Amino acid sequence: MAATSTETVHGVCNLCEAICGVLLTVERSPEGDRVTGIKGNPEDPLSRGHICPKGTALADIHTDPDRLRKPIRRVGSEWHEIGWDEAIELAVTGLADVQDEHGDDAVGVYLGNPNVHSLGAMTHGSQVTKALRSRNTYSATSVDQLPQQLVAHLLYGHQLLLPVPDIDRSSLVVVFGGNPMASNGSLWTVPDFPQRLRDLQKRGGRLVVLDPRRTETARVADEHHFVRPGTDAAVLLAMVHTLFAEDLTQPAEYVDGVDRVREAVAGFTPEWAASVSGVDADVIVKLARDLAGADAAAAYGRMGVSTQPFGTVCAWAVNALNILTGHLDSPGGAMFTSPALDIIGQGLIGRGGHGRWRSRVRDLPESSSELPVATLADEMLTPGDGQVRALLTMSGNPVLSTPDGRRLGEALAGLDFMVAVDLYLNETTRHADVILPPTSALERDHYDLVFQALAVRNTARFTPAVVEPAKGTRHDWQIMRDLALGLVARREARTGKKSGLRARAKRELRLRTSPTVMVDLLLRRGPAKLSVRALKKSPNGVDLGPLEPRLPGRLKTTDKRIDLAQPMVLDVLARVRSSLAAPAGDELLLIGRRHQRDCNSWMHNTERLTKGKARHHLLMHPSDLASRGLEDGAVVQVSSRVGKVAVEVRATEDVMPGVVSLPHGYGHGAPGTRLSHSNGVAGVSINDLTDPEALDVSGNAALNGVPVTVTTS
Ligand SMILES: Nc1nc2c(c(=O)[nH]1)N[C@H]1C(S)=C(S)[C@@H](COP(=O)(O)OP(=O)(O)OC[C@H]3O[C@@H](n4cnc5c(=O)[nH]c(N)nc54)[C@H](O)[C@@H]3O)O[C@H]1N2
Ligand SMILES: Nc1nc2c(c(=O)[nH]1)N[C@H]1C(S)=C(S)[C@@H](COP(=O)(O)OP(=O)(O)OC[C@H]3O[C@@H](n4cnc5c(=O)[nH]c(N)nc54)[C@H](O)[C@@H]3O)O[C@H]1N2
Ligand code: SF4
Ligand SMILES: [Mo]
């Protein structure tokens, strides 16, 4: 029998923004490596031993028989494995043919969430979009955090200058529409949130949550207030109003526009906000006073206030609260990070932009060179010059993750050609002509470019691949490299314009340099003067200390000042005032939810995460069930302007009366997809109900607060 050795290997979980350091037990034998255990790494200076159920399931993805390991090509409804060179050639030819015939914009691109969690996709993905030169570029950003990035761009001069609550030194954190107990934090890398919260409370600090559902986070908070979906703008503006009315503002010297903001919020009284939001006027006033009075405090808003009709106003107002109370850039307040590899300062990611061009069909603004994904189906289904006829998706499942996903699925079925770079054959990728599957996360090196830059502590960690890549597989960066090289070659052949020798050499070098080598170069030039070699010597990660004040130096605005009076926001305030009104008696508003053991639309085929009680039910308040003559446990029909679904309902007082909740990322079982587990229940997709017409001024989808009716099915 062949010799087997067992090792403990340092790794990282890339499944959410908490980027927990993990220790894996790996059995190495000539037959291959096998992960037999995963636990949190107590020596990790950021995650301090934390791990959640998804982290322990990390290796399940690697061994999942459903996961694709070789490129597959669809012929009719049948899939055939093909070789890599043939697959790349097929993908490049299919996309380039459409561009040759119909122009560059005829190929659309959709970039999904896991791109941000893969080093190789971060370093090489943009080269593919660059090679395609299509204005029809879309991503999960516009069903998520676009308002927050836009506001960061406007206020601080860079889309990723996102301040994070310095929870470890805070005495008050106020959370609007976030559920870190389930999500583990977002645009706030805060691994081990439960312990950090307990520490805050032990110090006498408080957590306050505003959410239409009594969430896992609300349960452990010191205060929870129900807020009617979509009305946070009123609450937040009334808090800003209170700061002015009670003379509680103390903005830094580098803040402009304060007087104009004072005037703009003058009419947003706590009484009016209470009438539309359901949050008591006294609570609103007290929250504003508490924030202003605390020595160290931060307001924070996430998905729930980002994906709603006034997401940009909410994102702005959350920042305004921190700025006006003097808690921005102050220890224990909302702070900027000092990452060892500085994606902002080192120019890796652009500062962003907005409205420099608009979409063809619905005249919607671009943001950072992407159009709102809520209009992707329109661009496919509306004939004319510039119609999207082919699509490339990279780690995304927009059929389940974007509003009116069902219609998008129909549009995908009608495309001339589609390529997916993805690990799975799912609701979206089943429409592809060819699927290019990268290696799994355990097979690749990782340095987190994005989330180390959004973390509650400055640390740096490089984790080499845990297991050897399986034979004949390619990393995502290699797939992206090959697509980019092929597409550029085809463009040059079509236009007859060959790049000069130098330009060509530069491009080749850029594309053929591995992500690890790139990270090394960037670390060496970065502010902490680290290197991959230095980090390999500290496999737990290097601790660079707590967050430090960075303003005004860190600002990327041209005058190094913050202009709080942003026209894009202030121009919307009249509409906030006129469109928000007290609820109608029988109103039902639909919101989403996340569960600790879900991972957006995927990982429903690991048994570890799906066993136990199904969790895709519609949650509804008992009084709303009773008034409709509905029974707990029954299958009900939920209808919106866009569509309807039939799903089991569960009575709970954890949702506010007038609010119903469905998780996103369900609705599995489409023909041809592979999903071995899912607890035998596919659930329904909330995005068959969400409305692509409901958009924030940024172009972000308003996925929360969707008017629905619920009836017997
Ligand atoms: N109604 C409603 N809709 C929502 C949300 C909500 O709260 N409510 N949340 C929104 C949010 S925040 C987001 S981020 C989006 C997510 O939207 P998407 O990014 O479109 O969806 P995911 O479910 O994250 O899909 C990830 C895909 O990437 C694949 N994948 C996983 N790892 C890798 C990898 O390493 N490489 C490659 N190439 N592929 C990989 C998976 O197989 C899967 O197909 O959904 C949004 N949609
Ligand atoms: N376990 C798990 N963790 C995840 C993910 C996952 O799918 N599963 N996804 C990851 C991703 S891509 C992201 S972006 C993050 C998201 O991270 P979070 O934003 O922390 O997660 P959500 O659970 O979507 O929290 C949104 C909260 O807003 C509430 N809400 C809905 N509508 C409103 C409203 O109108 N006003 C207010 N005040 N609240 C509202 C919801 O009830 C919910 O509690 O999570 C990440 N982490
Ligand atoms: S919280 Fe869970 S899913 Fe997120 S990084 Fe940590 S172990 Fe992974
Ligand atoms: Mo997200």
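These legends accompany close-up views of a predicted model.

**View 1. The surroundings of ligand 2 in the predicted model.** Let's start with the residues around this ligand: 30 of them surround ligand 2, and D211, D232, R594, D598 and N600 are the closest. Sorted by class, this shell holds 14 polar, nine nonpolar and seven charged residues.

**View 2. Polar atoms that approach ligand 2.** Here we look at individual atom pairs. In the side chain of D211, an N or O atom sits 2.7 Å from an oxygen atom of ligand 2. Q308 places a polar side-chain atom 3.4 Å from an oxygen atom of the ligand. N600, in turn, uses its backbone: an N or O atom there is 2.7 Å from an oxygen atom of ligand 2. On its own, ligand 2 has 910 Å² of accessible area, and the protein covers 97% of that.

**View 3. Where the shell around ligand 2 comes from.** Stepping back to the elements of the fold, helix 6 (180-183) and helix 13 (303-306) each contribute at least two residues to the shell. Helix 13 gives the largest share, with three residues. In terms of domains, domain 3 (146-336 + 561-574) and domain 4 (584-713) each supply at least three residues of this shell.

**View 4. Domain 2 against domain 4.** The domain assignment divides the protein chain into domain 1 (5-63), domain 2 (72-143 + 345-543), domain 3 (146-336 + 561-574) and domain 4 (584-713). This view takes up two of them, domain 2 and domain 4, whose C-alpha centres are 30 Å apart. Their contact involves 26 residues from domain 2 and 30 residues from domain 4. Between these two domains about 2200 Å² is buried, and carbon and sulfur atoms account for 53% of that area.

**View 5. Ligand 3 and its neighbour N184.** Have a look at the residues around ligand 3, which include the cysteines C13, C16, C20 and C52. Also around this ligand are L15, A18, I19, I51, K54, G55 and N184. By class, the shell has eight nonpolar residues, two polar and one charged. N184 deserves a second glance: its phi is positive, about 65°, although N184 is not a glycine. N184 lies in the loop that runs between helix 6 and helix 7 (193-202).

**View 6. A cis peptide bond before P552.** To finish, zoom in on the bond from L551 to P552, which is cis with omega near 5°. P552 belongs to the loop between strand 23 (542-546) and strand 24 (562-563).

Methods
Residues are numbered from 1 along each chain as its sequence is written. Chains are lettered from A and ligands numbered from 1 in the order in which they are written. This is a predicted model: local features need pLDDT of at least 70, side-chain atom pairs count only at pLDDT 80 or more; totals for chains, interfaces and linings use all residues. Side-chain values use heavy atoms; hydrogens and water are left out. A residue is near a molecule or strand if one of its heavy atoms lies within 4 Å of it. A polar contact is a pair of N or O atoms within 3.5 Å; within protein, one must be able to donate a hydrogen and the other to accept it, and residues adjacent in sequence count only if both atoms are side-chain atoms. Accessible areas come from the Shrake-Rupley method with a 1.4 Å probe; for residues, only the protein chains shown count as cover. Helices (H or I, at least four residues) and strands (E, at least two) are DSSP runs, numbered from the N terminus. Ala, Val, Leu, Ile, Met, Phe, Trp, Tyr, Cys and Pro count as nonpolar, Asp, Glu, Lys and Arg as charged, and the others, Gly among them, as polar. Domain bounds come from an automatic or database domain assignment. Contact means heavy atoms within 4.5 Å. Buried area is the accessible area (1.4 Å probe) that two parts lose on being put together, summed over both.
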